[in-house]
Amino acid sequence: MALFEQLAGVLTAGERLRFEIARNPDGGLTLLVLPLLTKPVENLDGDTAPLRAALAMPLRITGSVAELDARLPGMLATYGERRRDVEMKVTALEALKDAGKAGARLVERGSQAPVAAAPLAPAPTTAPAAPTDPNNLFA
């Protein structure tokens, strides 16, 4: 897979990505892959804030050029999969919250108008028939 396909796999809808490379004193490289969320982490609120903040966590890799060439594709794939998993959890949590709010509104509306209870079915008044098997020891 090409580098830009791997980098695109890290992003969720509407995000940007900062990609930095620094040369270390030992000749190796440090690579930083930093997703930039559409809404800054400082402005997040609600139940999904910790999950959304997790989406902003960067990927930092240090190694020789050869090590980075070998490890980067797999690390980007794993990083992207984990970010997509967190994004799906955020989406599911938001949908659950919306459904809960909608349910609460329905309950509120329902409590304003009395609901007639359905009558209970009468209990049977006859006892069950006794078994007729003469070999039944429990009869």
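The dialogue below works through the fold, the strands, the cores and the largest pocket of a predicted model.

Me: Which helices and strands does the chain have, and what pattern do they follow along the sequence?

Reply: A sound first step is to list the elements and then their order. The chain contains three helices and three strands. Their order along the sequence is α-β-β-α-β-α.

Me: How do strand 1 and strand 2 run relative to each other, parallel or antiparallel?

Reply: The idea is to look for bridges between two strands and then for the sense of the pairing. Strand 1 and strand 2 are antiparallel and are joined by eight bridges. Individual partners can be traced: R16 is bridged to L36 in strand 2, and E20 lies opposite L32 in that strand. The two strands form a hairpin with five residues between them. In the turn, G27 has a positive phi of about 95°.

Me: With which further strand does strand 2 pair, and over how many bridges?

Reply: Strand 2 also pairs with strand 3, in the antiparallel sense, over five bridges. Within this pairing, L31 faces I61 of strand 3.

Me: Why is strand 2 described as largely enclosed by the rest of the structure?

Reply: One counts the buried residues in the element. In strand 2, seven of the eight residues are buried, and therefore the strand is largely enclosed by the rest of the structure. For the chain of 139 residues, the buried share is 23%.

Me: Is L29, as one example, buried or exposed?

Reply: The test is the relative accessibility, for which buried means under 20%. L29 has a value of 16%, so it counts as buried. This residue belongs to strand 2.

Me: Which residues does L29 touch, once those up to four places away in sequence are set aside?

Reply: Setting aside sequence neighbours reveals what the fold brings together. L29 touches I21, A22, R23, N24, I61, T62, G63, V65 and L68. Distance in space may also be set beside separation in sequence: L29 and E67 are 38 residues apart along the chain, and their C-alpha atoms are separated by 9.5 Å. For the chain, among contacts with a separation of 6 or more, 50% are between residues 24 or more positions apart.

Me: Which residues form the largest nonpolar core?

Reply: Here one follows buried nonpolar side chains from one to the next. The largest nonpolar core has eleven residues: L7, V10, L29, L31, V33, L59, I61, L68, L72, L76 and Y79. Helix 1, strand 2, strand 3 and helix 3 each give two or more residues to this core. The largest share, four residues, is that of helix 3. There is also a second, separate core of five residues, including L37, L55, A56 and V86.

Me: What does L59, a member of the largest core, contact beyond its neighbours within four places in sequence?

Reply: L59 is in contact with L31, L32, V33, M75, L76 and Y79.

Me: How is a pocket found, and what lines the largest one?

Reply: Empty space is revealed by rolling a probe the size of a water molecule over the atoms. In this model, the largest pocket has a volume of about 150 Å³. Its lining consists of L3, F19, I21, L29, L31, V65, L68, D69, L72 and P73. By class, nine of these residues are nonpolar, none is polar and one is charged. Strand 1, strand 2 and helix 3 each supply at least two lining residues, and helix 3 gives the most, with five.

Key:
Residues numbered from 1 in each chain as written. Predicted model: local features only at pLDDT ≥ 70, side-chain atom pairs only at ≥ 80, totals over all residues. Heavy atoms only, no water. Core = buried A, V, L, I, M, F, W, Y, C linked by side-chain atoms within 4.5 Å. Buried < 20%, exposed > 50% of the residue type's maximum accessible area, 1.4 Å probe, protein only. Contact = heavy atoms within 4.5 Å. 1 Å grid on protein atoms, 1.4 Å probe; cavity = no way out; pocket = protein on both sides within 12 Å on 5 of 7 lines; lining within 4 Å. Points joined across faces, edges and corners; volume = space filled by probe spheres on them. Nonpolar A, V, L, I, M, F, W, Y, C, P; charged D, E, K, R; others polar. Pairing = 2+ DSSP bridges.
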